[in-house]
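Trainee: Hi! I've just opened this one and could use a hand finding my way around. Can we walk through it together?
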Amino acid sequence: MPESIVKNYYDNLKNGKLVGAKCKKCDGYTFPPTTACEHCGSMELEHKQFSGKGQLLFVTHGVAPPPNPRFFDLAPYAYGHVQLEEGIFVQGIITGIDIDPDNLQKLFEKGPMPVTQDIIEVEELPILAFKLV
Amino acid sequence: MEGKFSEPVYILGSGCTRFGNLLETPEIKNLTLQELAAQAVKEALADAKTSPDEIDAFIIGNVTMQTSNLPATYSQLSKWIGMEMKAGVHIDAGCSTTNAGAAIAATSIASGVYKKVLVVGIESTLSRPYKLSPYERETIPTEEMWLWTDYCINQAYSVPQGYDIFPVYNGIVALGYCRKYGYSIEEFDRCMFELCKTRRMHASMNKKAINQERLEDEAKRMGFNDPYEFWKSPYNPYLAWPSRLRSAVVPADGASAMILSCKEGADEYDGMPIELKGFGISVGDLPWYAGDSTVQTYDVHSFKKAYDMAGIKPEDIDYLHVHDCSHITSVCVAELSGYLPEGKGIEYAKEGRLRFDGDRPMSTHGGRHAFGHAWAASAGSDTYEAMKQMRGIAGQRQIKSAPEICVLHTHGYGMISTVLVLKGGK
């Protein structure tokens, strides 16, 4: 029976692991994982676990009510642009941040800040979020 | 890949409805989407001096099927626009639909398969059929419209994990721009205010725009003598700090159409045919940028392809339209295109240089904020405006020296970056 890459991603997330793919041909990383390398298109991939650590480059916020009803109770939430220490870029919810403009301004002025994964569960789905270290 | 047309291709005519609300706006009120599409097609055929029986094929697009109930527009619209028994296909390239359609039509014409092709885009973003009624519609909540629109976005990972267009396409881009070029948030806000003023001023001179009220007049109506105080007031909240409501898309209902032709059709046409000199298309999935949020890489590819195919350089461009449902992203794309200098775009906006009477005119129909945005129909509205400018018939908002080379860029959610190079003149 074939395995779903998508289901495996969320199963791993539930266990606290960020698992993507590494290309056997070009060594490039694809995260989250798909069926092809996002750098060279090769479909010869292997699992690659990521550290979950990185730098928060920018943080702002979204709207309420949110487009996706899953996040109705959470919105409006902080949302950021993160570079993982493996070099790849990920966007996601940033937990523990006050989205008041004055606070966001202070965070912007600080520049990139270290973050680590903070996997949260929203309506029974594990979500990759980040928190400031 | 040769990357060139084997024969020249022209746009002979275009049509566009007023962008507005099917439940409220006088020019389109109570129309069904079939009738809305027909309004745009009728105008395009008249502009092209072409009868339906001269059309060989048609390409028709719609994005949010949940508001149209029209997944098979090729057959469902065929009787309404005189296209039965023609070759027809439904396409969806998000907000790039009609420009992607124009590129497909152009390649089929340049290959010699067809002589004339009709391209149509229709969209309702504000209402949906009421209880499956054939003609009654009901308003939809904004968040529901975005839920359906976000079906264009990564459904495996991004949307289920909290994706929201406003931080991704507005806030993070704005912060990237400010950090990269050293602007303060206050300077950024002031420039966005001035850019909004320009777009709203353009739309105030366009009877087809959804919002024809100048920003200054809106401020006064709301009790503010200083429009910048209005800009910073709770009436203009942050959608994604530091980007505000009036720097973003205004959803609309609307339809657009254009007729593309081979050289023979252009030779017979007694108006000004507009040559489609080249196009570039490039797609990408999220994240749309790496460490520099001002650069979306697919745009680099689509502009290069289009410029190479058309044989032009950025300095040849007389008028640029870029997808502007986020004003800061539109500035970034205009800089990437070479039309505006890097890091200076928001200053150009502040100085009024992007106005129709400035030296770098952009979005003279009012753009996605003031002309409105009807997803699949919007790219056609840009072509419609560019053709009017090139032909010198844009009325009050006419660029003084009618542009000869126009470049039109769209971001189709999310993303298909599409660039068309048009050439007017004699």
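Mentor: Happy to. Let's start with one strand pair: A:Leu56 has A:Val82 as its bridge partner in S5(A). Keep in mind that this is a predicted model.

Trainee: Which strand is joined to S5(A) there, and how many bridges are there?
Mentor: That is strand S4 of chain A, residues 53–61. S4(A) and S5(A) run antiparallel and are joined by 7 bridges.

Trainee: And what about S6(A), how does that run relative to S5(A), parallel or antiparallel?
Mentor: Antiparallel again: 5 bridges join S5(A) to strand S6 of chain A, residues 89–95. One pairing to look for is A:His81, which stands opposite A:Gln91 in S6(A).

Trainee: What do S5(A) and S6(A) form, and what's in the turn?
Mentor: They form a hairpin, with 4 residues between the two strands. In that turn, A:Gly87 has a positive phi of about 105°.

Trainee: How many residues of S5(A) are buried?
Mentor: S5(A) covers residues 78–84, and 6 of its 7 residues are buried, so the strand is largely enclosed by the rest of the structure.

Trainee: Let me zoom out. What is chain A made of in terms of helices and strands?
Mentor: Chain A has 2 helices and 10 strands. Along the sequence, the pattern reads α-β-β-β-β-β-β-α-β-β-β-β.

Trainee: And how much of chain A is buried?
Mentor: Buried residues account for 35% of its 133 residues. The C-alpha atoms of chain A fill a box of roughly 50 × 30 × 25 Å along the principal axes. As for contacts between residues at least 6 apart in sequence, 47% of those in chain A join residues at least 24 apart.

Trainee: How is chain A divided into domains?
Mentor: Domain 1 of chain A is 1–50 and domain 2 is 51–133. Their C-alpha centres lie 22 Å apart.

Trainee: How many residues are in contact between those two domains?
Mentor: 8 residues of domain 1 of chain A are in contact with 11 residues of domain 2 of chain A. On the domain 1 side, helix H1 of chain A, residues 5–14, gives the most, with 3 residues. By class, that side of domain 1 has 6 nonpolar residues, 1 polar and 1 charged.

Trainee: Switching topic: how many residues does each chain bring to the contact between chain A and chain B?
Mentor: Each side is listed with its own count: 28 residues from chain A and 28 residues from chain B. On the chain B side, the elements giving two or more residues are helix H5 (142–149), helix H6 (165–181) and strand S7 (238–240) of chain B.

Trainee: Which of them gives the largest share?
Mentor: H6(B), with 7 residues on the side of chain B that touches chain A. That side has 19 nonpolar, 6 polar and 3 charged residues.

Trainee: I also spotted H11(B). What should I know about that helix?
Mentor: H11(B) spans residues 297–310, which is 14 residues. From its first C-alpha to its last, H11(B) reaches 20 Å, close to the 20 Å expected at 1.5 Å a residue.

Trainee: Which of its residues are buried?
Mentor: B:Asp299, B:Ser302, B:Phe303, B:Ala306, B:Tyr307 and B:Ala310. Seen down the axis of H11(B), these buried residues fall within an arc of 125°, so they line one face of the helix.

Trainee: What covers them?
Mentor: The cover includes strand S10 (274–283), helix H12 (327–337) and strand S13 (416–423) of chain B. Just after H11(B) comes B:Gly311, with a positive phi near 70°.

Trainee: Can we pick one residue in S10? What is B:Gly278 in contact with?
Mentor: Good choice, as B:Gly278 lies in strand S10 of chain B. Leaving aside neighbours within four places in sequence, B:Gly278 is in contact with B:Ala306, B:Met309, B:Ala310 and B:Val421.

Trainee: Is B:Gly278 buried or exposed?
Mentor: B:Gly278 counts as buried, with 25 C-beta neighbours inside 10 Å.

Trainee: Last one: where is B:Met85 found, and is B:Met85 buried or exposed?
Mentor: B:Met85 is in the loop between helix H3 (73–76) and strand S3 (87–91) of chain B. B:Met85 is exposed, with 6 other C-beta atoms within 10 Å.

Terms used: Residues are numbered from 1 along each chain as its sequence is written. Chains are lettered from A and ligands numbered from 1 in the order in which they are written. This is a predicted model: local features need pLDDT of at least 70, side-chain atom pairs count only at pLDDT 80 or more; totals for chains, interfaces and linings use all residues. Two residues are in contact if their C-beta atoms, placed from the backbone, lie within 7 Å. Ala, Val, Leu, Ile, Met, Phe, Trp, Tyr, Cys and Pro count as nonpolar, Asp, Glu, Lys and Arg as charged, and the others, Gly among them, as polar. The expected span of a helix is 1.5 Å times one less than its number of residues. A residue is buried if 20 or more other C-beta atoms lie within 10 Å of its own, exposed if 12 or fewer, and partly exposed in between; C-beta atoms are placed from the backbone. The arc is that of the directions from the helix axis to the C-beta atoms. Two strands pair if DSSP finds at least two bridges between them. Domain bounds come from an automatic or database domain assignment.
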